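Q: I would like a close look at one part of a protein model, with enough of the whole to place it. Please keep the terms simple.

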Amino acid sequence: MENFIKRYDEYYEDKETKEQKKRTVVIFPRFHQLRAVRKLRSLVREEGPGHNYLIQHSAGSGKTKTMAWLAYQLANMTNPDGTAIFDSIIMVTDRIVLNRNMAEDVVNFEVTAGTVKDIRKGSKKLADALNGENRIIISTVQKFAFALDYLKHEKSKKYAIIVDEAHTAIGNEAAKDLVNALSTKEDLENMGNYDPEEYDSPLDALMAQMQSYRKMMSHISYFAFTATPKDKTYALYGKDGKSAHDLYSMKQAIDEKFILDVTQNYVSYKTKFELIEKHPDEDKDKLFEQKKALKVIGEWLGKNKYIKLRKASMIVDQFMKFTINKINHQAKAMVVCDSRQSAADYKQIIDRIIKEEYNGAIKTLVAFSGEVIDSNGNKCTEANMNDDGVTDNDIAEKFKENDYKILIVAEKFQTGFDQKLLHTMFVDRSLGGIQCIQTLSRLNRTYWPYKEDTLVVDFRNDAESVRKAFNQYYTETTLTGDVDTQRVYTLKETVQNWNIFNESEIDKVCERMIDKDKVHEVPSILLKIVHERVDSLSDEDKDKYRKEVNRFVRQYGFLAQLMDFTDPDLEKFYVFCKVFYKYLPYTKETLPMELMGMIDLDKLRIQLSFDGAIELEDSPTELKATRIGEVGKKVEDEKKTVAELLDMVNSPFASILNENDKIIKQIWEELLSDPEVVDAARAGNSYDVMVNICKEKFGDAIIEQIDKYYHFKEILDKEKGFALTLVGKFVEAVAKQAAATSSFVYDEEVLKEKLAEALKGEMTGVCSKMRSLPEIIDNFFFVLNTISIPKLDGIDMLLKEALNNIYANPNLTPIVRYTFFNSLVQKYEAFLKKLYFLINDDEIQGQDGKEPGLADAIHAFKCLWNLKYSTDDDGKKFSTYLQMVRNWRNDEAHNAPSSSDEEVNAGIKVVVSLYLYVMAYSITNLEMAGRDVDGAAGTVPYKLPEDESSSYAFAAEEKHHD
């Protein structure tokens, strides 16, 4: 027992003085740890090297320390003659973070300096450690392939390999590289069934050698640790290939209070929605493959901003109102995302809610690999999103600090991450099987006496799927059925039956693969085979053949580790297929993305679907050994119309959703089409200014229709964080919309031509009395390009940008087109004021000293004021047009985007015609005032503002009604 009790010095920072202090830590094994190590020692003593052992200990039960104890115990075991049973103990995992966690525990146990060699970087360092006399070596499994060139292979040694997360740590090729790195020629000769002299050619001898490296070797023992063994894990490492040598089940660990039961407080939410068809008449005959279409709809909903915003608000409110008080006010949370982009988005949304609603009371960190573009088009990395630029394992260290409470992850820290203060997990990704257990088990660490429970808030999965996943490994698990190594020949024959390649071509490729001077010839050989014999196959046969080749490659790597015979032809076939597979044509699944342009989100609600404890079964379970079956055939998918697809998607929620669930979308669209809001964004106002404008508009929209929005207002009053963040997202959406339209190329001559083409019918009567249409349009742009006074010149950029997008931008969306229509209506008054100033060198005066409104501007132009007295058809038409613009201008409700595309296009034609009408009748007055197109004095070319701080004078101007 004394050998198991470990003492080491630990340095920590005093919270009050901030000084570095030292304390002695004593580690005492739990019974299951002591039992496992003793049992394995006994088996090694009895059987010697060359055997495999499976240790199935529940996640969070202290596997890393068990492995550390085992490493030291194995390192100290000797034969009767005093020689070591194992020359070196190698501890491997497949992830750098896990490797570091393992290394820290093992190094802490070190008594004799130099016993442990932690190889985190550099394959040459690993080779040096293997060539030397290091007793315990810690490394990632990937380094062994790169260390081969540096290894001496001079002396045969005995190795004990301790594998963490054995269900995933060592892949088929990694296992071969590991054995290759640790074996000498003498080790191969000792296998008994390998003799290079038996083979007809050096190639066959080499293939037999490579195949031998895949097998269990007499000088290597594996000690495989995992909480969730797969069928292959049992077959490779299990007792008789069926069960674990030592079991510490999830149930036992929970009963003994070693871990917490993460299924006891499980809350599941379902995102309930209703989609509507935009153009039911137009799209009724279009058909889409059902499965692909439903996949597209599902992915679109997962990225939807309304949904993401709502979830983020729930996450922050749940943490700040509940979780933050747990574990003696030290609790932390993790948000598990379905993609790197989602992680980046959530980081920004959650940070904003915390800042605006909770005054920045806590901080967050995000973890994902590489670089990703967020939903706003920004490049995001861990370094540019996290404080102090922390990345990788430094994030785990930073997360230990008290200020950092929420860790947002995508495919990181979901396995092997040990943080005792984690209390709550928010899941926004689909989890299944082993991944579900590994992820949720990040919460199960105890922190006595403060950590009493955990909480899982799940937005994607349901209680039943989680129950099934955990139930598989809750008590004892065994493997049923046999793994037949002979079936590798069946798999090989299935590929051969296609007669795509022959034995001669296999030899050619394999000979060149082992010759670095000829390896460059391999692609041409394989491509020729593909072009001559694969390309002519049907798409269905190509797909089937590719899957069958891939199945052989995957299964051979596993079965070869269990074979008790040597067949170099199998290895050659594998080497060929492994390379050939990469050249086989692959038809990427095309998804009907155009479908999303035909449907719209109409109603939305995120509703509680389960809240309570998940009951797990207290009985042993079985895993079935993988059998050979037909590869998945490409089945023709059933075709559905848009209406049929939406009926399938919406049907589960038809009786649940109501009109209140439309509200966010309606208000969102109102703000996106409000000309004052949009113009303020296009003019480059600051974020704070835009927030204030949107807040005001947001509040107005609710108050004006309080009878309709009463229920929603209650929600906003209760969830302030959601309300503030919603406003923030409105600002982002408006800014993004403005940026997209502002960046569209502006060519004034092209725009003039398009305007003339679009308006020639409307302006025929006017042009017969006044000037030609091209001349009218030239003068219109002359007015916009001429400097007057700042508060009037503010419309120039906005009008030209609106017209340019309406008439020249083929990708303009209906809601943005509607926004520009509203902008043209609102700016008509300002245009009249500028035109009047250029003619009279004075401003229009309002009645009784008041600010002039639209009525005053109309009165200033006789051609407009007299329209109501017109008797000819053309005059009556423009009189009607003027009245329509006045009604639109003064109607507070016109901003709601309820009009059809046809109505909007007709409205645009009306208002643009009025701009040109007043221009036609004012050209002579402009010329008399000395302002004419030919002189072009005082004009400036149009360009977008470079200074983001510039403001738009009319954005805050009051609306005036006739």
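How many helices and strands does the chain have? And what can be said about the cysteine C510 and the parts around it in the account?

A: This is a predicted model. The chain has 40 helices and 22 strands. It is 962 residues long, and buried residues make up 53% of them. The accessible surface of the chain comes to about 43,800 Å², of which carbon and sulfur atoms supply 47%. Taking contacts between residues at least 6 apart in sequence, 80% join residues at least 24 apart.

Now to C510. Its relative accessible area is 0%, so C510 is buried. The closest cysteine sulfur to that of C510 belongs to C577, and the two sulfurs are 9.4 Å apart. A disulfide needs two cysteine sulfur atoms within 2.5 Å, so the distance of 9.4 Å is too far for a bond. Seen from the other side, C577 is in no disulfide either, with the sulfur of C510 as its nearest cysteine sulfur. C577 also counts as buried, because its relative accessibility is 0%. A search of the whole structure gives the matching result: zero disulfides.

Helix α21 covers residues 503-513, and the loop between it and α22 (522-534) holds I514. I514 counts as partly exposed because its relative accessibility is 44%; the buried class ends at 20% and the exposed class begins over 50%. Together with M513 and V519, I514 forms a nonpolar patch on the surface, and the three have about 220 Å² of accessible area between them.

Nonpolar residues are also found inside the model. In soluble globular proteins, nonpolar side chains tend to be buried together. The largest nonpolar core here has 69 residues, and I170, F501 and F580 have the most contacts inside it. Helix α24, residues 568-580, gives the most to this core, namely eight residues. Leaving out residues up to four places away in sequence, I170 touches V92, V141, V163, A175, L178, Y222 and Y237. Another core lies apart from the largest one; it has 60 residues, including L751, I776, F821 and L864.

One more buried residue can be placed in a helix. V734 is found in α30, residues 720-742, and counts as buried because its relative accessible area is 1%. The C-alpha atom of V734 is 9.4 Å from that of A680, although the two residues are 54 apart along the chain.

Definitions and conventions: Residues numbered from 1 in each chain as written. Predicted model: local features only at pLDDT ≥ 70, side-chain atom pairs only at ≥ 80, totals over all residues. Heavy atoms only, no water. Patch = residues over 30% accessible without salt bridge, like charges linked within 9 Å, V, L, I, M, F, W, Y side chains within 5 Å. Areas by Shrake-Rupley, 256 points an atom, 1.4 Å probe, with all protein chains shown as cover. Salt bridge = Lys/Arg side-chain N within 4 Å of Asp/Glu carboxyl O. Helix = DSSP H or I, 4+ residues; strand = E, 2+ residues; numbered from the N terminus. Buried < 20%, exposed > 50% of the residue type's maximum accessible area, 1.4 Å probe, protein only. Core = buried A, V, L, I, M, F, W, Y, C linked by side-chain atoms within 4.5 Å. Contact = heavy atoms within 4.5 Å.
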